[in-house]
Amino acid sequence: FIYILDSMDALTSDEEEAKFEKRKKATRAQQETTGSFGTSKARRNSEGLRKILKGLRSTDSILIILCQTRDDLGFGFSQKTRAGGRALRFYATIDVWASTSGMIKKHIQGKDRSIGQRVVWKVKKNRITGMLHEAQFDIYPSFGVDDLGSCVDYLVSEGWWKLTGQKINAEVLKL
């Protein structure tokens, strides 16, 4: 079984709901309320994720959790973080971060127009092989993922194929 949760940020907890109701009542009564550190989701993840791991293994199932990034306002080395706490990385088998690295533009009718995006995927944790790779590929809204173009880009960047102007020389294929 494969379950994809899109997204962790959309989930709420009983504590968040109670805090929301308390704030709503206070606002209607024109009163102040105390703040919250917003740690209830992290606590729930820490409790819940470790409990479901055994069930995932025994049923050969996969759980994929998508999260939105947030700017990290702390003093760490990373500029991005995510909601849900550290349990997401701790219990993950693979932790992948995706971001756009630029727009793909084409000159159409005298103007540069955006026709797609270049996406970078970085593996930040990998319990399967231990290797932390990075992959880039293009996404075109009218087409989807350009996996063929991404493979060609990879072979050129690794030096297997040579790029001369607009032509690719793939001598290893003897073409």
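In what order do the elements of the protein run from the N terminus on? In this predicted model, the elements follow one another as β-α-α-β-β-β-α-β-β-β-β-α-β-β from the N terminus, and the protein has 4 helices and 10 strands. The radius of gyration of the protein is 23 Å, whereas the globule rule gives 16 Å for 175 residues, a value that the model exceeds well, so the protein is more spread out than a compact globule. The C-alpha trace spans about 75 × 50 × 35 Å along its principal axes, and 21% of the 175 residues count as buried. Among the contacts with a separation of 6 or more, 41% are accounted for by residues that lie 24 or more positions apart.

The confidence of the prediction varies along the chain. The mean pLDDT of the protein is 84, with 91% of its residues reaching 70 or more. Confidence is highest in strand E6, at 93, and lowest in strand E3 (residues 69-71), where the mean is 72. Where pLDDT is low, the predicted coordinates should not be read in detail.

In the first part of the chain, helix H1 comprises residues 14-28, that is 15 residues. From its first C-alpha to its last, helix H1 reaches 21 Å, which is close to the 21 Å expected at 1.5 Å a residue. Just after H1, Gln 30 takes a positive phi of about 55°. Further along, Thr 59 has its place in the loop between helix H2 (40-58) and strand E2 (62-66). With a relative accessible area of 49%, Thr 59 is partly exposed, because the limit above which a residue counts as exposed is 50%. Although Thr 59 and Phe 1 are 58 residues apart in sequence, their C-alpha atoms are 7.6 Å apart in space.

The later part of the chain contains an open sheet of 4 strands, which has the order E5-E6-E7-E8 and antiparallel pairing. Strand E5 (94-108) and strand E8 (144-146) stand at the edges of this sheet, and each has a single partner strand, so one side of each is left without a neighbour in the sheet. From one strand to the next, the twist averages 30°.

The pairing within the sheet can be followed strand by strand. E5 and E6 pair in the antiparallel sense over 14 bridges, and the two strands form a hairpin with 2 residues between them, where Gln 109 in the turn has a positive phi of about 50°. Within this pair, the bridge partner of Thr 100 is Val 119 in E6. Val 119 also stands opposite Phe 137 in E7, while Val 120 stands opposite Gln 136 in E7. Strand E6 (residues 111-126) and strand E7 (residues 134-140) are joined in the antiparallel sense by 6 bridges. E7 and E8, which also run antiparallel, are joined by 3 bridges, and the hairpin between E7 and E8 passes through 3 residues. Ile 139 has Val 145 in E8 as its bridge partner. Helix H4 (residues 147-157) lies across E6, E7 and E8, and runs at about 25° to E8.

Two residues, one in E6 and one in the loop after it, illustrate the surroundings of this part of the sheet. Asn 126 lies in strand E6 and, at 15% relative accessibility, counts as buried, because the limit for a buried residue is under 20%. Leaving aside neighbours within four places in sequence, Asn 126 is in contact with Thr 93, Ile 94, Met 131 and Leu 132. The C-alpha atoms of Asn 126 and Glu 32, which are 94 residues apart along the chain, are separated by 46 Å.

Ile 128 lies in the loop between E6 and E7 and counts as exposed at 61% relative accessibility. When its neighbours within four places in sequence are left aside, Ile 128 is in contact with Thr 93 and Ile 94. Between Ile 128 and Ala 10, which are 118 residues apart along the chain, the separation of the C-alpha atoms is 29 Å.

Conventions: Residues are numbered from 1 along each chain as its sequence is written. This is a predicted model: local features need pLDDT of at least 70, side-chain atom pairs count only at pLDDT 80 or more; totals for chains, interfaces and linings use all residues. Side-chain values use heavy atoms; hydrogens and water are left out. Two strands pair if DSSP finds at least two bridges between them. Axes are lines fitted to C-alpha atoms, for helices over the stretch in contact, and angles run from 0 to 180 degrees between N-to-C directions. Contact means heavy atoms within 4.5 Å. pLDDT is the predictor's confidence in each residue, from 0 to 100. The expected span of a helix is 1.5 Å times one less than its number of residues. The radius of gyration is taken over C-alpha atoms; the globule rule is 2.2 Å times the number of residues to the power 0.38. Buried means under 20% relative accessible area, exposed over 50%, partly exposed in between (1.4 Å probe, protein chains only).
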